[in-house]
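Colleague: I should like to learn how to read the packing of helices and the surroundings of a ligand. May we work through an example together?

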Amino acid sequence: MCGIVGYIGHREAVPDILKGLKALEYRGYDSAGLAVLSHEEGKVKCVRSVGRVSALESKLRENKDLSGTIGIAHTRWATHGAPTLKNTHPHFDRKREIFVVHNGIIENYREIREILEREGHKFTSETDTEVVVHLMRSFLDDGHTHKEAFLKTLSMIKGAYGLALMIRSDPETIYVARHSSPLVIGKGEGENFIASDPSALVHKTGNVIYLKDGEVAEVGREDIRITDLSDVPAEHEVVELERDLKQVQKGKFEHFMLKEINEGADVIRSACRGRLRVKDKAVNFGGLRDVRNELLKIKRIIIVSCGTSYYAGLAGKYIFEEIAGIPTEVEQASEFRYRKRAFIPQTAVLAISQSGETADTLAAVRVAKDSGILTLGLVNVVGSTIARETDAGVYNHAGPEISVASTKAYLSQITILTLMSCYLSERRDQEVLDLMEAIDSLPKKIEEVLSRSKDLEVLADKYHKYDNFFYIGRKYGYPTALEGALKLKEISYIHAEGYSAGEMKHGPIALVDGNFPTLAICLNNGVFEKMRSNIEEIKARKGPVLVLSNEGEGGMNDLADDVFHIPRVPEPLEPILSMVPLQLFAYYIGVKRGVDVDRPRNLAKSVTVE
Ligand code: F6R
């Protein structure tokens, strides 16, 4: 979603906050803006532009006079109001005294705006955020101090916010606050930084403070004062940030997405490192040690997640039930959080989230915690809110995922879910031992598939002009079909639907004709013959079919229009290996259709609003 950056120190603010904005651009990119306070002139200069951060940068080149050592900036993913200049942050009051950037949604902004408009406040944007500056203005005009006005403003607004606010007459402080939207303060020497995501700080400092919900900070050059909403000082911990600068560069790849798909083998190795010991027939998770006894008594697991992480959860459900024999449900977090649920005792809720900040998944964790349920996290971003709020958990250690479409995190999530199923199971029979060995050798198979990327580029060339696509699969091929279709629609804008193959004849097959291709996942497994029949049914209706299959017998060359082969793996690992060619296929189609695959329209990396 939106990204926030701020700087207060002894150096020029603009280069630093611009660098931070660029690091956050993958989170939202409808428009961007910044405000810098010049000490000498006692003025705040604000520059905003529609489009990418590069458009803001061009505008800044025309505005040479942007000197100042305190500034805030924002990259926007529009929620309230179109991505126009007037809706771009920072927002400010009529006296150009108060400047604010905001991530989240102020749910009661309409009521507040009506009241303020009746009092004579003139709004210039359609955003929910603008109420903040007018509320501040109103409290300052009533004679409150800056901090009092800030706290009073926060007490009025409902919803989610990560806020950074600067006041022209207060060149020593940036005011920040957090409620359900991440906010991090980076500590430097005689300078401090603010960001909605630590990835924007990694170039500047290794020490950060994660603001908690309901906390407010006055960030000065030297000091950081953190309180609650009643101005009572709050304890805070300075945490060391993991620095991994190499991973936030594209390197030799044209796009982050391609780079991240190519990291598939490595993320599996990282997921297994220190956890899977094939020779000892053992799987261990340090992060679950404290709850191990509780976990061994678990009667039901409910996986909550969104989007790609939800599809990983769907694969996880099949794996948990097959390998560990634990009844497992998977539910979209946005549904889980609002419906009344009947929990049985000894249930664990497992939240899966690459970012660890997805608003619905976080809310689902909180609902579970409020019901006294054990909560676990499977999270990639170290130190993220879900990682911190769950009772115990496992990190993916997949490294930063920058491309908006999730790729490597998906592979890592299913790998860890498979390892978890072995961890939760007492079974060490041949099937489980074979599975452990197969996980260990999976990276090599992924590398083999990646080495044939060119074949997928050729297939993408053949199929990229279609307007529609079905993805079908059965059993472990079903989550793969759903995720494959999601990848294609996100980064090519082709209408793509994922279905369980058995459902096709209950309606969707009505759409099939010579212009509606199907990608079928038909591997040499227990559902091979069933899949083959479904493909026959599509062929009988003249639908072009591209099949993902295994080599050798049942290779599908006789039936399919096109085939891409992958090596054979035990069924629970099929969703991992199958996804690599589907990611590449979607990637090449997106590129051929001229889409900015790393930053497709209307999407944002970290969905911190519901
Ligand atoms: C799709 C994609 C999204 C995310 C979803 C959940 O490519 O990236 O569907 O998977 O927004 O995000 P996380 O995993 O960060 O909770």
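Modeller: Certainly. In this predicted model, helix 7 passes helix 13 in a right-handed crossing.

Colleague: How is such a pair of helices described in general?

Modeller: Two values are used for packed helices, namely the angle between the axes and the distance between them. Here, helix 7 (residues 264-272) and helix 13 (residues 408-424) pack at an angle of about 35°, and their axes are 9 Å apart.

Colleague: Which residues of helix 7 and helix 13 make the contact?

Modeller: Helix 7 contributes Gly264, Val267, Ile268, Ala271 and Cys272. From helix 13 come Lys408, Leu411, Ser412, Thr415, Ile416 and Leu419. Sorted by class, this contact has seven nonpolar residues, three polar residues and one charged residue.

Colleague: Let us turn to the ligand. How many residues surround the ligand, and which are the closest?

Modeller: The ligand is surrounded by 14 residues, of which Ser309, Ser353, Gln354, Ser355 and Thr358 are the closest. By class, the shell around the ligand holds eight polar, four nonpolar and two charged residues. Helix 9 supplies the largest share of this shell, three residues.

Colleague: Where do backbone atoms lie relative to oxygen atoms of the ligand?

Modeller: For Gln354, a backbone N or O atom lies 2.7 Å from a ligand oxygen atom. For Ser406, the corresponding distance is 2.9 Å, and a polar backbone atom of Val404 is 3.3 Å from an oxygen atom of the ligand.

Colleague: How much of the accessible area of the ligand does the protein cover?

Modeller: On its own, the ligand has 400 Å² of accessible area, and the protein covers 90% of that area.

Note on methods
Residues numbered from 1 in each chain as written. Predicted model: local features only at pLDDT ≥ 70, side-chain atom pairs only at ≥ 80, totals over all residues. Heavy atoms only, no water. Axes fitted to C-alpha atoms, helices over the stretch in contact; angles between N-to-C directions. Helix = DSSP H or I, 4+ residues; strand = E, 2+ residues; numbered from the N terminus. Left-handed = near helix turned anticlockwise from the far one by under 90°. Contact = heavy atoms within 4.5 Å. Nonpolar A, V, L, I, M, F, W, Y, C, P; charged D, E, K, R; others polar. Near = heavy atom within 4 Å. Polar contact = N/O pair within 3.5 Å; in protein donor to acceptor, adjacent residues only side chain to side chain. Areas by Shrake-Rupley, 256 points an atom, 1.4 Å probe, with all protein chains shown as cover.
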